[in-house]
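Thanks for sharing this one with me. Here are my notes, set out as numbered points so that you can follow them with the structure open beside you.

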There are 2 protein chains.
Amino acid sequence: MQLLKDRILKDGRAVNEDILRVDTFINHQVDPYLMRECAKDFAEHFKESGVTKIATIESSGIAPALLTAVEMELPLVFFKKQPSKVLNDDLYQTMVTSFTKGTNYELTLSRKVIDSSDHVLIIDDFLANGEAATGAIRLVRMAHATVAGLGVLIEKSFQPGRSKLTEAGIETYSLARIASMSEGKINFLED
Amino acid sequence: MQLLKDRILKDGRAVNEDILRVDTFINHQVDPYLMRECAKDFAEHFKESGVTKIATIESSGIAPALLTAVEMELPLVFFKKQPSKVLNDDLYQTMVTSFTKGTNYELTLSRKVIDSSDHVLIIDDFLANGEAATGAIRLVRMAHATVAGLGVLIEKSFQPGRSKLTEAGIETYSLARIASMSEGKINFLED
């Protein structure tokens, strides 16, 4: 999506070969206009997929996921990050390791909000190693629901997230795919 | 706001005299239609206040704050919760104690996204003891910006948040004000 790629080139910052900072327009300050255009793109792409719910992971996924939910007129569910396992029959939990931050957390979903009748579109800001995304998919499946696909704003295509998801049979739709970052320069994959 | 109050009566759950669960429509699953109507109400109320930015606290404030930002065509900033102080000249931080959860965190704002030219409207889901709100106000002031007001979805009027904010000179606008909860019954303040 050209609008997002142009904005990444203008305001994103490649801190090193792995880390891209987008905190002035996506994950600390949010540009609502840009986010809405991204949401319209997700909604258009997945409009024939029979989606019943949008899901994301707190907190930076909430903005694009909520606006996609508005566009598609569907409920949003955001999975919560808990520091440790909670013993509670009302919850599904699965552990996620964040390589970027070097931390673990329990991704958490209430049994009340997703069930076997749901076909869930997962939206997130980044796809890198795919740990958060595969955790979200595990939770959806623990709830006996199915996954309609994954929509992400920015894919780091030099990391293994997409291939893990493809192997798991999940359609992944990314609005900007980054081939590499070097010496502060951001290079996108050719469409 | 009648739509929100009706929904609280229908789907909210008073767990005890202090705790109200709204996780099927506000802070785990989100109803985008309801949230948009709430955002329109905030936008209408604060339209003459000269607001330049919307701010909130991750994660449950993001949904109402983002849709208010969309309505008002303004950027959104969400303050992040860090487990501990980060030594970084690019950040403002202030400690917040959550009585509800019995935890402390450092509320964090990048210097890049709010400055002395900003007049900031803070939006959040709940106002109870006012610890999160007063922390957000401290951060805005650390950035040499001014506070246009606070908009909250649900105020627990039996807790001291509102009076703390009034004493601090902050206009507080709440869409639903709860006078008390007892034996599972939720009682609103008269308008």
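**Notes on the two chains**

1. Let me start where the chains meet. Strand β5 of chain A (residues 76-82) pairs with β3(B) in the antiparallel sense, over two bridges. If you want a residue to click on, Val77(A) has Gln29(B) in β3(B) as its bridge partner. Please keep in mind throughout that this is a predicted model.

2. How do the two copies relate to each other? A turn of 180 degrees with a shift of 0.0 Å along the axis lays chain B on chain A, with an RMSD of 0.0 Å. The two copies are thus related as by a two-fold rotation axis. In chain B, the C-alpha nearest that axis belongs to Ser59(B), at 2.7 Å from it. The same surface serves both copies, since 100% of the contact residues of chain B recur in chain A.

3. Next, the make-up of that surface. On each side the count is 23: 23 residues of chain B are in contact with 23 residues of chain A. On the side of chain B that touches chain A, the elements giving two or more residues are β3 (29-30), α2 (32-45), α3 and β5 (76-82) of chain B. Which of these gives the most? The answer is α3(B), with five residues. Sorted by class, this side of chain B has 12 nonpolar, five polar and six charged residues.

4. Helix α3 of chain B deserves a closer look. This helix spans residues 62-72 and is mostly covered, with 10 of its 11 residues buried. Among the buried ones are Ile62(B), Ala63(B), Pro64(B), Leu66(B), Leu67(B) and Met72(B); Thr68(B) is also buried. Just after the helix, Glu73(B) takes a positive phi of about 55 degrees.

5. Ala63(B) is a good residue to centre the view on. This alanine lies in helix α3 of chain B, and Ala63(B) is buried, with 30 other C-beta atoms within 10 Å. Which residues does Ala63(B) touch, leaving aside its neighbours within four places in sequence? The contacts are with Ile62(A) and Leu66(A) from chain A, and with Val30(B) and Met35(B) from chain B. For a sense of distance, Ala63(B) and Leu20(B) are 43 residues apart in sequence, and their C-alpha atoms are 18 Å apart in space.

6. Over in chain A, Met35(A) sits in helix α2 (residues 32-45). Is Met35(A) buried or exposed? Met35(A) is buried, because 25 other C-beta atoms lie within 10 Å and 20 or more are enough for that label. Setting aside neighbours within four places in sequence, Met35(A) is in contact with Val30(A), Ala63(A), Pro64(A) and Leu67(A). The C-alpha atoms of Met35(A) and Leu9(A) are separated by 16 Å, with their positions 26 residues apart along the chain.

7. On the nonpolar core: the largest one has 126 residues, and those with the most contacts inside it are Leu66(A), Ala136(A), Leu66(B) and Ala136(B). Leu66(B) is one of the buried residues of α3(B). Beyond its neighbours within four places in sequence, Ala136(B) is in contact with Ala55(B), Ile57(B), Phe79(B), Leu107(B) and Ile122(B).

8. The hairpins are easy to find. In chain A, strands β6 (residues 91-98) and β7 (residues 103-110) pair in the antiparallel sense over eight bridges, and Val96(A) stands opposite Tyr105(A). Four residues lie between these two strands of chain A, and Gly102(A) in the turn has a positive phi of about 65 degrees. In chain B, β6 (residues 91-98) and β7 (residues 103-110) also pair in the antiparallel sense over eight bridges. Here Tyr92(B) has Leu109(B) as its bridge partner, and the residue with a positive phi of about 65 degrees in the turn is Gly102(B).

9. Finally, chain A as a whole. Its secondary structure comes to five helices and 11 strands. The radius of gyration of chain A is 16 Å, close to the 16 Å that the globule rule gives for 191 residues, so chain A is as compact as a globular protein of that length. Along the principal axes, the C-alpha atoms of chain A fill a box of roughly 50 × 35 × 30 Å. Of the 191 residues, 49% count as buried. Among contacts in chain A with a separation of 6 or more, 62% come from residues 24 or more positions apart.

Note on methods
Residues numbered from 1 in each chain as written. Chains lettered and ligands numbered in written order. Predicted model: local features only at pLDDT ≥ 70, side-chain atom pairs only at ≥ 80, totals over all residues. Core = buried A, V, L, I, M, F, W, Y, C linked by C-beta atoms within 7 Å. Buried ≥ 20, exposed ≤ 12 C-beta atoms within 10 Å, placed from the backbone. Contact = placed C-beta atoms within 7 Å. Least-squares fit on C-alpha atoms with pLDDT ≥ 70 in both. Nonpolar A, V, L, I, M, F, W, Y, C, P; charged D, E, K, R; others polar. Pairing = 2+ DSSP bridges. Rg over C-alpha atoms; globule rule 2.2 N^0.38 Å.
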